[in-house]
Amino acid sequence: MKWEGERQSDNVEDRRGAGGGGGGLRVGGRGVGIGTIVVALVAGWIFGINPLTVLGLLSGGGGGAPVVQTEPAARPPANDRAAAFASTVLADTEDVWRAVFQAGGGTYRDPKLVLYRGSTPSACGQGEAAMGPFYCPGDGKVYLDLGFFDTLSQRLGAPGDFAQAYVIAHEVGHHVQNLLGVTAKVDAMRGKVSETQMNALSVRVELQADCLAGVWTHHSQKGKGWLDQSDVQEAMNAAAQIGDDTLQRNAGAAVRPERFTHGTSQQRMSWFQRGLQAGSVKDCNTFDARSL
Ligand SMILES: [Zn+2]
């Protein structure tokens, strides 16, 4: 991916400095214990990756003192390559989604991207790096600990810059769902349907976010021509590596479809590809799809 020198987003909030890190300040913040568990359970359908599985993969994940941000929003330092990359991808999602919304008669509101280390507060509860990147509909922010990209590459077997771009685009896809009202509709079902049914809904939410990541990729490449075939392969591989069946299998657990919250590797690849080929949100209606 030829991303160097392209526009970077102004919507990146860098919390990695003061008060950052796993064991930072305690400023009368809420305790981690129960809150973390609640976030982990509630988050299954929001987070880019099954949080419980990742917790199982990482040693010592989910611990540490709560961190309350005390500094005003900061921009990442200019010489930070990883942050520059994330910021460049975010900027392009802004360009693409602004145009797509405009073409459909709507208005896109940019999400914020919060870079943090270890642990950070969000409107959805305390965010923990061990859960993987996530989007919080309550504050319209994507939360990303850049260390996740090491996990993605080394532990989850999905290396490459475009694998990372896909992860960011997937989370931005959740923001798009929020703007389209999908998130609220699904959330309204909570408590009204069984856990298994809620998991099945979660799978449709997640596959739609994968499809929207594909839609972004389609328009991004049309506009910038900055990808080559190996980039698409990196995203496809990432989608495969974070499929529920693959994650469960790699964690040494039996594959239990009723516990799927994100879809199988095959489904994640196929919905990403559908969005990529069509470039249209209309083709991402996972909720009406008979088979996924
Ligand atoms: Zn997700």
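## Burial and the zinc site

A residue counts as buried when its relative accessible area is under 20%. In this predicted model, Glu-206 has a relative accessible area of 0% and is therefore buried. His-170 also counts as buried, because its relative accessibility is 2%.

Both residues serve as protein donors of the zinc ion, together with His-174. The donor atoms are NE2 of His-170, NE2 of His-174 and OE of Glu-206, and they lie 1.9 to 2.1 Å from the ion. Along the sequence, the donor residues follow the spacing H-x3-H-x31-E. Distant parts of the chain are linked in this way: His-170 belongs to helix α5 and Glu-206 to helix α7 (residues 195-224), with their positions 36 residues apart.

## The sheet

Four strands form an open sheet in the order β1-β2-β6-β5, and their pairing is mixed. At the edges stand β1 (12-14) and β5 (134-136), each of which pairs on one side only. On average, neighbouring strands of the sheet are turned by 25 degrees against each other, direction ignored.

Strands β1 and β2 (residues 112-115) run parallel and are joined by 3 bridges. Asp-14 has Leu-115 of β2 as its bridge partner.

## Helix α8

Helix α8 consists of 13 residues, 229-241. From its first C-alpha to its last it reaches 18 Å, close to the 18 Å expected at 1.5 Å a residue.

The buried residues of α8 are Asp-231, Val-232, Glu-234, Ala-235, Met-236, Ala-238, Ala-239 and Ala-240. Among the elements that cover them are α5 (161-180), α9 (244-250) and α10 (265-278). Helix α5 also holds the zinc donor His-170.

Note on methods: Residues are numbered from 1 along each chain as its sequence is written. This is a predicted model: local features need pLDDT of at least 70, side-chain atom pairs count only at pLDDT 80 or more; totals for chains, interfaces and linings use all residues. Side-chain values use heavy atoms; hydrogens and water are left out. Two strands pair if DSSP finds at least two bridges between them. Helices (H or I, at least four residues) and strands (E, at least two) are DSSP runs, numbered from the N terminus. Axes are lines fitted to C-alpha atoms, for helices over the stretch in contact, and angles run from 0 to 180 degrees between N-to-C directions. The expected span of a helix is 1.5 Å times one less than its number of residues. Buried means under 20% relative accessible area, exposed over 50%, partly exposed in between (1.4 Å probe, protein chains only). Contact means heavy atoms within 4.5 Å. Donors are N, O and S atoms within 2.8 Å of the metal (3.2 Å for Na, K and Ca); water is not among the atoms, so sites may look incomplete.
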